[in-house]
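Biologist: Please take me through this model, with the reasoning behind each reply.

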Amino acid sequence: MFITFDGTEGGGKTTQINALCQRLQQKNIPFIQTREPGGTALGEQIRHWLLSQAMCSDTELLLIFAARAEHIETVIKPALAKGEWVICDRFTDASYAYQGGGRGLDFARIQKLADWVQGDFQPHLTFILDIPVELGLQRAKKRGLPDKFEQETLAFFQRARQVYLDLAKQNPQRCRLIDGCRAESDIRRQIFDALCAHDAPCQFGHAFGGGGDSFLSE
Ligand code: ATM
């Protein structure tokens, strides 16, 4: 299973990713935890530039997809081929939200890069943790010095949030929109339930029966 978590800042991705990984570990389900931009040695270097250095929007987009190409080919696909789950903090939805919505780049150009780098390769499930922008940024501020993106305007994040909401609506099979204002434990339950109910047998041999005695249950 290839699972991604996305959403604007402060929605609680990290907490939920850690909870899921902990549960997979308890259940002896092999997995890797990774992130974008990043996830490879090269990708982490690109991440450093992206988060610290001013650059034009096209450069930013191209670097993000360069890192993604490396990540997919050298980390994500090999892990899936071995039957491991891949839990990824952000993926291509973030490019539509931040570079498309936030920076105002043409969605058709982002789509072209996505087609080039991914073809029809997509996450099995994407959890979009949604939270009002002001609240999310307040939460994020508590984490320390803001990076380049975190210094962006409220309007930038509001545009990004709207794109996430649109993506969730346009991709109901893949995306689950989660209210990030709810209690952490409720969100965790919602995520685990969605994973267990995901009944498309994934190509790597795990089949998901709806409800019942789930392998993710405590
Ligand atoms: P995290 O803080 O969630 O690790 O993400 C780093 C930043 O990368 C994030 N910033 N904020 N806020 C959004 C940005 N990003 C993009 O702009 N486009 C992308 O495609 C990805 C994967 C991340």
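The exchange below turns to confidence, the ligand shell, helix packing and backbone geometry.

Biologist: What is the mean pLDDT of the protein, and over which residues is the pLDDT below 50?
Modeller: This is a predicted model, and 91% of the residues of the protein reach a pLDDT of 70 or more, with a mean of 92. One stretch has a pLDDT below 50, and beyond near neighbours in sequence it has 16 contacts in the model. The mean is thus 92, and the stretch below 50 is residues 200–213.

Biologist: Which helix gives the largest share of the shell around the ligand?
Modeller: The ligand is surrounded by 13 residues, the closest being Glu 36, Ala 94, Ser 95, Tyr 98 and Phe 149. By class, this shell holds five nonpolar, two polar and six charged residues. Four residues of the shell come from a single helix, the largest share, and that helix is H4 (residues 92–102).

Biologist: Are H4 and H5 roughly parallel or antiparallel to each other?
Modeller: Helix H4 packs against helix H5 (residues 107–118) with the axes 10 Å apart and an angle of about 155°. Angles over 145 degrees count as roughly antiparallel. The pair H4 and H5 is therefore roughly antiparallel.

Biologist: How many nonpolar, polar and charged residues make the contact of H4 with H5?
Modeller: In this pair, H4 passes H5 in a right-handed crossing. From H4 the contact takes Thr 92, Ser 95, Tyr 96, Gln 99 and Gly 100, and from H5 it takes Phe 107, Ile 110, Ala 114 and Gln 118. Sorted by class, the residues of this contact are four nonpolar, five polar and no charged.

Biologist: Why do H3 and H5 count as roughly parallel to each other?
Modeller: The axes of H3 and H5 lie 10 Å apart, and the helices pack at an angle of about 20°. Angles under 35 degrees count as roughly parallel. H3 passes H5 in a right-handed crossing. Because of their angle, H3 and H5 are roughly parallel.

Biologist: Which residues of H5 make the contact with H3?
Modeller: On the H3 side, the contact is made by Leu 61, Phe 65, Arg 68, Ala 69 and Ile 72. Across both helices, its residues comprise seven nonpolar, one polar and one charged. The partners on H5 are Ile 110, Leu 113, Val 117 and Gln 118.

Biologist: Is the crossing of H2 and H3 left-handed or right-handed?
Modeller: The axes of helix H2 (residues 41–52) and helix H3 (residues 57–81) come within 9 Å and cross at roughly 160°. H2 is therefore roughly antiparallel to H3. Their contact includes Ile 46 and Trp 49 of H2 and Leu 63 and Ala 67 of H3, and its residues divide into eight nonpolar, two polar and three charged. The crossing of H2 past H3 is left-handed.

Biologist: Is the peptide bond from Glu 36 to Pro 37 cis or trans?
Modeller: Most peptide bonds are trans. Pro 37 is found in the loop between strand S2 (31–35) and H2, and Glu 36 is among the residues closest to the ligand. With omega near -15°, the bond from Glu 36 to Pro 37 is cis.

Biologist: What is the phi of Asn 28?
Modeller: Most residues other than glycine have a negative phi. Asn 28 has its place in the loop between helix H1 (13–26) and S2. The phi of Asn 28 is positive, near 55°.

Technical notes. Residues are numbered from 1 along each chain as its sequence is written. This is a predicted model: local features need pLDDT of at least 70, side-chain atom pairs count only at pLDDT 80 or more; totals for chains, interfaces and linings use all residues. A residue is near a molecule or strand if its C-beta atom, placed from the backbone, lies within 6 Å of it. Helices (H or I, at least four residues) and strands (E, at least two) are DSSP runs, numbered from the N terminus. Ala, Val, Leu, Ile, Met, Phe, Trp, Tyr, Cys and Pro count as nonpolar, Asp, Glu, Lys and Arg as charged, and the others, Gly among them, as polar. Axes are lines fitted to C-alpha atoms, for helices over the stretch in contact, and angles run from 0 to 180 degrees between N-to-C directions. Angles under 35 degrees count as roughly parallel, over 145 as roughly antiparallel, 65 to 115 as roughly perpendicular and the rest as oblique. A crossing is left-handed if the near helix is turned anticlockwise from the far one by less than a right angle, and right-handed if clockwise. Two residues are in contact if their C-beta atoms, placed from the backbone, lie within 7 Å. pLDDT is the predictor's confidence in each residue, from 0 to 100.
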